[in-house]
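Q: I am new to this structure and would love a close look at one part of it. Could you take me to the largest pocket and then walk me through the parts around it?

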Amino acid sequence: LYDDIRDLRWYWRLLAQSLAALIIIYWGGVRVEQLGPVFGLGETSLGILSVPFTVFATVGLINAMNMIDGADGLAGLLGLAALIMLAAASVYAGNDLLAERLSVLCGALAGFLAWNVRLPWRPRAKVFLGNAGSALLGLVIAWTAFRLTQHPEHPVNPVLALWLLPIPVMDCLVLIVRRLQEGRSPFSAGRDHIHHFMQDAGFGPTRAALWLTALSLLCGLVVGQAMRMDVPHPFLLLAFLSMCAGWYALSRDPARAVAFFRRLRGAPSVAPVTRSPD
């Protein structure tokens, strides 16, 4: 909330997020201790790296949700999709209590989205997440994913967590690499997120959010079924990294990315639009 009011420097935000991660580790008793057979060499235990890895993953998910929150309804819809899939995974794993708690969060987020999504009779959203809302949503998703994948009585493979929030994580990772290559801070403002390219291609905010949410749900469903069919976990990790590499290659050239989404929308290609920072 203070960040929304005063606009904190990025390093103060990272410090606060790291402290929040330490709270869920030492007070909540939830941390990432094993990654499963993700490298095809049996169970991968983190050992002394458990705490730093959990902090890194938590801060990463928080900032992924914060960075994707650049269009009305987008972060909320992607967060709702992730929570629904986590609730389904909880039921499949036999963790009914976690599924019940997630259903309450899904209802709260759906109520928020009723006022956050643009509608034909309402061209602007009435409420917004802000940094406080997107950070809390990222923290909740991180805690839930760790709780579900690390509890010995309700095992769900950690690789699945990547595919429950694929768009924000992919966009965040690729964005950091691109901005560092350009000599810019990863936390600087700019119209170089995936939803910005879609809007430049003619997608409205609501349509872009629905497309990306549908893709997120499809990824989670396909990977969930692949795990049930005992598809090797290294293959699923490689598939995610390949998707990130593909988006990186496409988005390095903004005009090419916009042209791709124009074709996806069924519109003719036009000269690229010059974009200015937020």
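A: Here is a tour that begins at the pocket and then moves along the helices and loops. Please keep in mind that this is a predicted model.

Let's start with the pocket itself. The largest pocket has a volume of about 930 Å³. It is lined by 34 residues, and those closest to its centre are F53, F56, A57, L162 and V169. What kind of residues make up this lining? Sorted by type, 30 are nonpolar and four are polar, while none is charged. Several helices contribute: helix 3, helix 6, helix 7 (159-164), helix 8 and helix 11 (233-251) each give at least two residues to the lining. Helix 3 provides the largest share, with nine residues.

That makes helix 3 a good next stop. Helix 3 (50-68) is mostly covered, since 14 of its 19 residues are buried. Its length can be checked too: at 1.5 Å a residue, the 19 residues should span 27 Å, and the end C-alpha atoms are 27 Å apart, so the two values agree.

Just ahead of helix 3 comes a loop that links it to helix 2, and V32 sits in that loop. Is V32 buried or exposed? Its relative accessibility is 4%, so V32 counts as buried. If we set aside neighbours within four places in sequence, V32 is in contact with L46, S50, F53, T54, F146 and Q150. You may recognise F53, one of the residues closest to the centre of the largest pocket. Another position to compare with V32 is L49: the two are 17 residues apart in sequence, and their C-alpha atoms are 9.1 Å apart in space.

Now step back to helix 2, which covers residues 10-26. Its 17 residues should span 24 Å at 1.5 Å a residue, and this agrees with the 24 Å between its end C-alpha atoms. The buried residues in helix 2 are R13, Q17, A21, I24 and I25. They cover an arc of only 120° around the axis, which means that they lie on the same side of helix 2. A general rule helps to picture this: an α-helix has 3.6 residues a turn, so residues three or four places apart point the same way. And what covers the buried residues of helix 2? The cover includes helix 1 (2-6), helix 3 and helix 6 (130-150).

Between helix 1 and helix 2 there is a loop, and D7 is found there. D7 counts as exposed, because its relative accessibility is 59%. Its phi is near 60°, a positive value in a residue other than glycine. For background, most residues other than glycine have a negative phi.

D230 can be described in a similar way. It is in the loop between helix 10 (205-228) and helix 11, and it has a positive phi of about 60° although it is not a glycine. With a relative accessible area of 66%, D230 is exposed.

From D230 we can move on to helix 11, another contributor to the pocket lining. Its 19 residues should span 27 Å at 1.5 Å a residue, and the end C-alpha atoms, 27 Å apart, agree with that. Which residues are buried here? In helix 11 they are H233, L236, L237, F240, C244, W247, Y248, L250 and S251. Their cover includes helix 7, helix 8, helix 9, helix 10 and helix 12 (254-265).

Helix 10 holds S216, a buried residue with a relative accessible area of 1%. Not counting residues up to four places away in sequence, S216 touches L78, M85, W163, L164, P166 and I167.

Two more loop residues complete the tour. H193 lies in the loop between helix 8 (166-181) and helix 9 (194-200). At a relative accessible area of 7%, H193 is buried. Residues up to four places away in sequence aside, it touches M67, D171, L175 and R179. R122, in turn, is in the loop between helix 5 (96-116) and helix 6. R122 is buried as well, with a relative accessible area of 10%. Leaving out neighbours within four places in sequence, R122 is in contact with A114, W115, N116 and V117.

Notes:
Residues numbered from 1 in each chain as written. Predicted model: local features only at pLDDT ≥ 70, side-chain atom pairs only at ≥ 80, totals over all residues. Heavy atoms only, no water. Helix = DSSP H or I, 4+ residues; strand = E, 2+ residues; numbered from the N terminus. Expected span 1.5 Å × (residues − 1). Buried < 20%, exposed > 50% of the residue type's maximum accessible area, 1.4 Å probe, protein only. Arc of directions from axis to C-beta. Contact = heavy atoms within 4.5 Å. 1 Å grid on protein atoms, 1.4 Å probe; cavity = no way out; pocket = protein on both sides within 12 Å on 5 of 7 lines; lining within 4 Å. Points joined across faces, edges and corners; volume = space filled by probe spheres on them. Nonpolar A, V, L, I, M, F, W, Y, C, P; charged D, E, K, R; others polar.
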